[in-house]
Amino acid sequence: MLVHTALGRAEQVARHWAASDCPVVIHVDKKVDNKTYREFQNAIRDEPLIKFSKRHFCEWGGWGITAATQAAAEELLHSFADVRHVFLASGSCLPLRPVDELKEYLDARPRTDFIESATTSDVPWTVGGLDIERFTLRFPFSWKTQRRMFDKYVAFQCKLGLKRRIPKGLVPHMGSQWWCLTRQTLSAILEDPERPKYDRYFRKVWIPDESYFQTLARQYSANIESRSLTLSKFDFQGKPHIFYDDHLQLLRRSDCFVARKIWPHADRVYETFLTDGAGAMKRAEPNPGKIDRIFAKAVERRTRGRAGLVMHSRFPNEGWENGLTCSAYSVFQGFTELFEDFEPWLAKATGTQVHGHLFSPERAEFSSGQTVINGGLSNAPELRDYNGAAFLTNLIWNTRGERQCFQFGPMDTQKICWKLSNDPNAQISVITGAWAVPLFTANQNFSDLRREAARLQKIENKFLYKLRNPYAKARIRIWTMAEFIESPMEPLQTIIDEIGNAPQRRLSEAPKMADLTGFGQFLQNLKNQGMHPHLMGDFPIHDDPITPVKKQRKPYLVK
């Protein structure tokens, strides 16, 4: 047992092993002061199956941990002649199952060595950019306390092409530090006549505790199972996961014999597992893979965060968030211009919260005329436009559970366009050219109307370009105005079905459409004044109620 902190817990666990007739040799890091070390020795002196080994300074990534392991193993083999398997543990390791079950498991496999051992080309978990370089470069400096010298010396060796010679006959292997070796294999490693040569070589290998025994076991073992009997999980940065009291059921599900790292103050975990009762855990083959899905989910949550909820640590970085929004929402362009009562009709048909133009220059038009909505979002345009994407993200997050629908158009603030088109949660429905209907009904100078029509058409063209971009991820449907009003029920039914909040049913009636009598002549007048309105489709020039002239076409479906 390698110990450097939480000595009280280490004593508790060591006594637990000894209570099941398992001798324990403890190595205490030499960085622990002598007074504390002596007190620890005296506290455990009454147990004859617990001994201490020669102390070494242990530093992560250095030779000290391997030297400490060698010293403890030699003391164990020398003091206890009947030991057949040697199990390496740390002070933060905790037996999850009765020790007798582990003894029975090893009795059934008397010549099997349990040590994770894979060649560098097969190891996917190395962190730090060094794989085979761990064995071909020299590492005299500490990665933790002398980081600048460490990096400079590595770069220096790479620049000059300096490489160490791997001892003849050795194939470097790597794996978990926590192994369980047979006496025969371990004694062969420690008593090898070539050991001084191997020790000199591995002293300058980076993190030798993950490669020394893993490499040399391949020289002597007749039967290696390349796995550890200790549950040890690491995060995406290579740091070990720490188990707390709320991981109790997770530890039970692993069926493993031993787990690390247990938080020293996880009183409930220690109390539960440090018992002699046979019912601590059910008998089963150790299978840490059963909980891998939970760890993978934890890593994803830590690295990507929750969808639509930006972590403050990644907020200033464009594209680091896990999606712009957390749930689906709908955007409509041209519908309120074409239909007189579209918003109340949509709210009734879908049961969703339907807003007006959220990105209107005057204010954010929340549903029912609200000035402040969930999450304390104000309708003030200055606050909204400071970060329009964050405004949308917060709106969808704070109203999650209720689908949001809002209107958009060329008269609105356009900075949000790229975000909308690239958001997989967005369902965007566009009737092109519908912005001309309010101009048609406005009683203004025609020259002013022509200039405004040219401006709005130019803005909508840019929006359509973003929607038709091959990298757009939103669900996008685009109709020309002429296509839409020829048969409005079909596209409206499609939109309602996609929203899917209310039970699907056939629509009995569409919202009331604006009176478009004379609209064709209005478009022709725009053409006569030098402006070419092409986004509306083809309209006849007469005073009868509008019946667009067009061929039957399906709506333009981008995605």
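Helices and strands, as I will use the words, are DSSP runs numbered from the N terminus, with at least four residues for a helix and at least two for a strand. With that settled, I should say at once that what we have here is a predicted model.

Let me begin with the second largest pocket, which holds about 660 Å³ of space. Its lining consists of 29 residues, and those nearest its centre are Cys22, Pro23, Val83, His85 and Phe87. Which elements each supply at least two residues of that lining? They are strand E2 (24-28), helix H3 (64-79), strand E4 (85-87) and helix H4 (99-107), and of the contributors it is H4 that gives the most, with five residues. Sorted by class, the lining has 22 nonpolar residues, two polar ones and five charged ones.

One of those elements, H3, deserves a closer look. Its 16 residues reach 22 Å from the first C-alpha to the last, close to the 22 Å expected at 1.5 Å a residue. Helix H3 is mostly covered, since 12 of its 16 residues are buried, and the buried ones include Gly64, Ile65 and Thr66, with Leu76 and Leu77 also on the list. As for what lies against them, the buried residues of H3 pack against strand E1 (2-3), E2 and E4, and also against the helices H7 (183-190), H8 (195-202) and H9 (212-220), so that E2 and E4 appear both here and in the pocket lining, where H3 itself also takes part.

I turn now to the nonpolar cores. In soluble globular proteins, nonpolar side chains tend to be buried together. In this model the largest nonpolar core has 67 residues, and the members that touch the most others are Phe335, Leu346, Leu392, Ile428, Trp435, Met481 and Phe519. The largest share of this core, six residues, comes from helix H19, which covers residues 446-467. A second core of 47 residues is separate from it, and includes Leu7, Phe40, Tyr105 and Tyr270. To take one member of the largest core in more detail, leucine 346 touches Phe332, Gly351, Val354, Cys405, Ile496 and Ile499, once residues up to four places away in sequence are set aside.

Two single residues come next, and for both I would ask: buried or exposed? Histidine 357, which lies in strand E14 (residues 353-357), has a relative accessible area of 14% and therefore counts as buried, the cut-off being under 20%. Not counting residues up to four places away in sequence, histidine 357 touches Thr336, Glu337, Arg363, Ala364, Glu365, Gln407, Phe408, Gly409 and Asp412. Serine 228, found in the loop between strand E10 (224-225) and strand E11 (230-232), is likewise buried, because its relative accessible area is 16%. With the same exclusion of sequence neighbours, serine 228 touches Ser176 and Trp178. The C-alpha atoms of serine 228 and aspartate 538, which are 310 residues apart along the chain, are separated by 73 Å.

For those of you who look at backbone geometry, there are three places to inspect in the model in front of you. The peptide bond from arginine 260 to lysine 261 is cis, with omega near 0 degrees, and lysine 261 sits in the loop between strand E12 (258-260) and helix H11 (267-273). Alanine 6 has a positive phi of about 50 degrees although it is not a glycine; this residue is placed in the loop between E1 and helix H1 (7-19), and at 25% relative accessibility alanine 6 counts as partly exposed. Aspartate 21 also has a positive phi, near 65 degrees, in a residue other than glycine. Aspartate 21 lies in the loop between H1 and E2, and at 59% relative accessibility it counts as exposed.

Finally, consider aspartate 267, whose place is in helix H11. Aspartate 267 is partly exposed, with a relative accessible area of 47%. Which residues is aspartate 267 in contact with, leaving aside its neighbours within four places in sequence? The contacts are Arg9 and Asp245. Between the C-alpha atoms of aspartate 267 and arginine 45, 222 residues apart along the chain, the separation is 24 Å.

Technical notes: Residues numbered from 1 in each chain as written. Predicted model: local features only at pLDDT ≥ 70, side-chain atom pairs only at ≥ 80, totals over all residues. Heavy atoms only, no water. Core = buried A, V, L, I, M, F, W, Y, C linked by side-chain atoms within 4.5 Å. Buried < 20%, exposed > 50% of the residue type's maximum accessible area, 1.4 Å probe, protein only. Contact = heavy atoms within 4.5 Å. 1 Å grid on protein atoms, 1.4 Å probe; cavity = no way out; pocket = protein on both sides within 12 Å on 5 of 7 lines; lining within 4 Å. Points joined across faces, edges and corners; volume = space filled by probe spheres on them. Nonpolar A, V, L, I, M, F, W, Y, C, P; charged D, E, K, R; others polar. Expected span 1.5 Å × (residues − 1).
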